Every structure is written in structure tokens, then in C-alpha cells.
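These are my notebook entries on one model. I record below what I looked up and what I found.

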Amino acid sequence: MHDREAEVRAAISSVRDPEIDETIAALDFIIDVRIDDGAVEIALRLPTFWCPANFVYLMGGEMRAAVLALHWVRSFRMQLVDHFAADEMNRGITEGLEFADVFPAQARGDLSDLRRTFAEKAFLMRQGELISFMTRQGFSGAFLLQTRIDEFERLADGQGGRLRELWDAYLEKRAEIGLPMTADAVALTGAEGIAIPVDGLTDHMRELRKVTTSARANGEMCRILMASRKAGFGCGAMQVARDEGISTKGNR
């Protein structure tokens, strides 16, 4: 893999399917990355022809921003294939248009509310993983619900490994949804920032499991559908692109 292609793939490695909080790389959405000097084109295929346009627009916008942040990139082009709104999506994301400008009949304002909803779900899923891990390590629910951010930091620094990974992922979403990040803030709260009562932890964890179970089921369905599509190709990424009529000129 050429250095610049590796840079592009690294830049988009953190972009996630908003509904299931898994990376587009792990879900195998990327068909190919093509680079011609400072022009970058990313080709991708989703699990079904009918993947919701607003979900795709969130991912595409994040990819575009991540790629254009590379100092040497002059332009970005997205090539979504085999999707009912591919033409509109490719034009809108490539040109940096708002979702409402491309889909005026379907849009209700911008995508900020949808983005917030998905961020809150991811926050709850990551919190559930963190609590489950720490209870398996012997920490009580009462301790966890009263622990401040700085105390969690010390624990994560001390244990490292999986705890550090889970804590950092949780903090990322906590910051994204705008909850307090000060050292003395209670670390584990609801998505609205409200403290979780100790006697309510069982009910809270039940709700977290519902959110997580739904996301994991959707993620497994995505993988099954992607595997099914991929099994029908048998010809590699560049041949898929050619079959879809996507230009491969200037590829690296």
C-alpha cells in the first residue's frame, strides 16, 4: 500500500456507522481508495440497496472532512455504488452540500438531531461495556456511580489495557454529547447528565443492554449482507469498480 493511500485509510479509520457504532473499515464498506496527486476518491458499497440516505450522509460527511484535513489533499470525491440514491449522495457529499439541499423533500432541517441521537446511543453502549467490565473486576455499583472523572483516570492509568481502551472510548462520546468533562464531574451518568441512583442501576443496565443488543443485531445483519454481496463478486475491488462503471484512471 502506498504511503498516501495508507494516510487516507488511517484518516477515515475512525468513521463509524452511526447506528451500530462500528467502523466502516471493520464493516468492509470501503471498496477502494484512489489517489491522483492531491485528488482523493473513495468508493464504497453498503450492505443493502436501501440503506437510509441520512445515515449514509452522516458517514460520507465525516469521511470527506477527515480526508480534506490531510495537508496534501486538494479535492475529495465519494463514489457510492449500488444504492438507490447514489447519484444524489455522491454529488452532495463530494460538493459538501447540506442534506436538506440534496433531499429537500425528505429532510427536516439538518442532520444535527439525528447525529445527536446516534451519539447518545453510542455513549450508552460504551458506558454499558465499561460498567460490565468493571463489575467483573470486582468494583461495586455504588462505587462506580459515585466515582469522579479524575478518579476513573487514575484507575485507567493504573490498570491500562482494556480498561484504558473502554474509558477513552466512553470519554470520547461523553465529550461529543456535551456532558461535563471536568475532573470533579461524576463519571457515569445518563445521556442527559443526570446522576444514576444506586438503587436504579439494575434498571439502567437493563436499558443499556436493550440499546446494545439492538445495535449488535443490526451489526451482525450488516456483516451477513456484506458477506453475501462480496461472495457474489469474486473479482476484487478494482473489477467491482469497473463493473459499476467507475473510472479507475489515475489510481495511484
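**Entry 1: a helix pair.** I looked up how helix 2 and helix 5 are oriented in this predicted model. Helix 2 covers residues 53-68 and helix 5 covers residues 112-136; I read an angle of about 80° between them, with their axes 11 Å apart. An angle of 65 to 115 degrees counts as roughly perpendicular, so I entered helix 2 and helix 5 as roughly perpendicular to each other. I then listed the residues that make the contact: helix 2 supplies Asn54, Phe55 and Leu58, while helix 5 supplies Leu114, Arg115 and Phe118. By class, the residues of this contact of helix 2 with helix 5 are four nonpolar, one polar and one charged.

**Entry 2: aromatic rings.** I searched the whole structure for aromatic pairs and noted 11. I looked into the pair of Phe139 and Phe143, whose ring centres lie 5.5 Å apart with the planes at 25°. Planes under 30 degrees apart count as stacked, so I recorded the pair of Phe139 and Phe143 as stacked. I also checked the accessibility of Phe143, which at 36% relative accessibility counts as partly exposed. Separately, I noted one aromatic cluster formed by Phe123, Phe152, Trp167 and Tyr170.

**Entry 3: Thr189.** I located Thr189 in the loop between helix 8 (161-176) and helix 9 (201-231). Is Thr189 buried or exposed? Its relative accessible area is 4%, so I entered Thr189 as buried. Leaving aside residues up to four places away in sequence, I found Thr189 touching Phe123, Gln127, Tyr170, Arg174, Leu179, Ile194, Ala195 and Ile196. Among these contacts of Thr189 are Phe123 and Tyr170, both of which I had already listed in the aromatic cluster with Phe152 and Trp167.

**Entry 4: cysteines.** I searched the whole structure for disulfides and the count was zero. I then looked at Cys51, which is in no disulfide; the nearest cysteine sulfur to it belongs to Cys222, 6.4 Å away. Why is the sulfur of Cys222 not bonded to that of Cys51? A disulfide requires cysteine sulfur atoms within 2.5 Å, and the 6.4 Å from the sulfur of Cys222 to that of Cys51 is therefore too far for a bond. I checked the accessibility of each residue: Cys51 is buried at 15% relative accessibility, and Cys222 is buried with a relative accessible area of 14%.

**Entry 5: positive phi.** I noted that Asp21 has a positive phi of about 60° although it is not a glycine. Asp21 sits in the loop between strand 1 (16-17) and strand 2 (22-23). With a relative accessible area of 13%, Asp21 is buried. I made a further entry for Asp82, also not a glycine, with a positive phi of about 55°. I placed Asp82 in the loop between strand 5 (75-81) and helix 3 (86-95). Asp82 counts as partly exposed, at 30% relative accessibility.

**Entry 6: the chain overall.** I counted 10 helices and five strands in the protein chain. Taken along the principal axes, the C-alpha atoms of the chain fill a box of roughly 60 × 40 × 35 Å. Of the 252 residues in the chain, 45% are buried. Lastly I looked up contacts between residues at least 6 apart in sequence, and 67% of them join residues at least 24 apart.

How values were computed:
Residues are numbered from 1 along each chain as its sequence is written. This is a predicted model: local features need pLDDT of at least 70, side-chain atom pairs count only at pLDDT 80 or more; totals for chains, interfaces and linings use all residues. Side-chain values use heavy atoms; hydrogens and water are left out. Helices (H or I, at least four residues) and strands (E, at least two) are DSSP runs, numbered from the N terminus. Buried means under 20% relative accessible area, exposed over 50%, partly exposed in between (1.4 Å probe, protein chains only). Contact means heavy atoms within 4.5 Å. Axes are lines fitted to C-alpha atoms, for helices over the stretch in contact, and angles run from 0 to 180 degrees between N-to-C directions. Angles under 35 degrees count as roughly parallel, over 145 as roughly antiparallel, 65 to 115 as roughly perpendicular and the rest as oblique. Ala, Val, Leu, Ile, Met, Phe, Trp, Tyr, Cys and Pro count as nonpolar, Asp, Glu, Lys and Arg as charged, and the others, Gly among them, as polar. Rings of Phe, Tyr and Trp (its six-membered ring) pair if their centres lie within 6.5 Å; planes under 30 degrees apart count as stacked, over 60 as edge-to-face and the rest as tilted.
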